Amino acid sequence: MKTCYYELLEIGRDSSPDEIRKAYRRQALLLHPDKNMHSVEEATQKFAQVQAAYEILSDPDERAWYDSHRDQILREASPATTGGFDGPSSASAGTKTQDILHFFDPGLFAIIDDSEIGFFTIARKVFAQLADEEAQANDDGVRLPDFGDSRSSWAGETRYFYAAWSGFSTRKPFDWCDQYRLADAPDRRVRRAMEKENKKLRDAAKKEYNDTVKAFVAFIKKRDPRSKQSTADSEQRQQDMATKVKEQAAKARAAHRNRFKSYEDQDWATPEYDDQFWDEEYSTKAKKENVNSEDVEAVTAAGAQANADSDYDENEIIVYECVFCKKTFKSEKQLGVHEQSNKHQKMVRDIVRRMKKENARIGHDSAEEDEFKDARETFSVEDLADEVSHLST
């Protein structure tokens, strides 16, 4: 009689993962062969059982499956558990669900080699028997692939094997599950009722059989060293690919920054100005609006000098700003072009005119005009910005 995995670890069936892990460590220390020198063989066997129990119960999926089939698994073991597969338990039914459940024991597959009691030999015999039964029940002659051995490559037959068996669906009739014999039916109504009940039993047995076979495939795949190596190789390829993507992204960003630093405006995109024409235009408008051209030049120079004298770090982004027009530019060249524009000059003249009007309103006479001219040499761009904000309100 098999021992329950929960009993081996001396825990309850509702134990948490942390409790399972602590119980395994406790039992492993007690049953380790090195601490039981007086009974090494018995300790080794019990230690292997504890390892198998922890391997099943520590995996959420395998634990859930074990809990749902626990009673069936704990039934009297068949001869198959001795290390080989000697055939189905019933000649008419073939391999039943109960026969496969006995192989859900990690201890049977602890030896990973091609020996008679090794992982590959036991698994190959089980799947060969299942494939033979399906071939006999299937008239089209299609046979499920063999399990292979330790020399089988993943890219070849091993990958094809798991792809085919993971979607397993039996073709066996399961007529041995029938509860009623149709020949005993007294009439057609009873016969149809018998057929309906028999079909329910067959479908239920088929579903259980298919689920058990697919669960066994997953159980074997998890322990198959060929699958583990393929998973490790796949993870390594994904890591290498992620590293390459990051490197390419870094190179692209660096190239973009270099292109941005070396960017220069094209000649066709830079407007041309006729200095003589604009000088005459500004002079005419200044006379009409009674604005001294020296004031305009002084105010513009103050703004340019403030930008030139400002302290900045090499890593800081320089922003070229016209405080009069409240605009920013990407380069000093663009700011210079803007300062030559008619709109900018008109804005500066308007500010100078409004400043004079403000001075006259608060009582400054013409005698103080010289003081204003001397002060504008040191008039900062921040003061001008404050004045602009004040006048705009």
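**Exercise 1. Is C4 buried or exposed, and why does it count that way?**

Solution. Begin with the relative accessibility of C4 in this predicted model, which is 3%. Next, recall that a residue is called buried when its relative accessible area is under 20%. Because 3% lies on that side of the cut-off, C4 counts as buried. For C177 the relative accessible area is 24%, and since partly exposed covers the range between 20% and 50%, C177 is partly exposed. As a last step on cysteines, a search of the whole structure for disulfides finds zero.

**Exercise 2. Work out which residues touch the most other members of the largest nonpolar core, and which helices supply that core.**

Solution. The largest nonpolar core has 48 residues, and F127, F216 and I220 are the ones that touch the most other members. Turning to the helices, those that each supply at least two residues of this core include α1 (5-9), α2 (17-31), α3 (40-57), α7 (119-137) and α9 (188-223). A separate core of 11 residues lies apart from it, with C325, F329, L335 and V352 among its members. To look more closely at F216, set aside its neighbours within four places in sequence; F216 is then in contact with I100, F103, F104, F109, V126 and F127.

**Exercise 3. Compare the span of helix α14 with the expected one, and list its buried residues.**

Solution. Helix α14 runs over residues 342-361 and has 20 residues. From its first C-alpha to its last, the helix reaches 28 Å, which is close to the 28 Å expected at 1.5 Å a residue. The buried residues in α14 are H344, Q345, V348, R349, I351, V352, M355 and E358, and V352 also belongs to the core of 11 residues.

**Exercise 4. Describe the chain as a whole, and decide where its coordinates call for caution.**

Solution. The chain has 16 helices and two strands, and buried residues make up 33% of its 393 residues. Among contacts between residues at least 6 apart in sequence, 65% join residues at least 24 apart. The chain exposes about 25500 Å², of which carbon and sulfur atoms supply 49%.

For confidence, start from the mean pLDDT of 76, with 71% of the residues reaching 70 or more. Among the elements, α9 has the highest mean pLDDT, at 92, and helix α15 (residues 369-375) the lowest, at 51. Over residues 77-91 the pLDDT is below 50, although this stretch has 27 contacts in the model beyond near neighbours in sequence. Where pLDDT is low, the predicted coordinates should not be read in detail.

Methods: Residues are numbered from 1 along each chain as its sequence is written. This is a predicted model: local features need pLDDT of at least 70, side-chain atom pairs count only at pLDDT 80 or more; totals for chains, interfaces and linings use all residues. Side-chain values use heavy atoms; hydrogens and water are left out. A disulfide is a pair of cysteine sulfur atoms within 2.5 Å. Buried means under 20% relative accessible area, exposed over 50%, partly exposed in between (1.4 Å probe, protein chains only). A nonpolar core is a set of buried Ala, Val, Leu, Ile, Met, Phe, Trp, Tyr and Cys residues joined through side-chain atoms within 4.5 Å. Helices (H or I, at least four residues) and strands (E, at least two) are DSSP runs, numbered from the N terminus. Contact means heavy atoms within 4.5 Å. Accessible areas come from the Shrake-Rupley method with a 1.4 Å probe; for residues, only the protein chains shown count as cover. pLDDT is the predictor's confidence in each residue, from 0 to 100. The expected span of a helix is 1.5 Å times one less than its number of residues.
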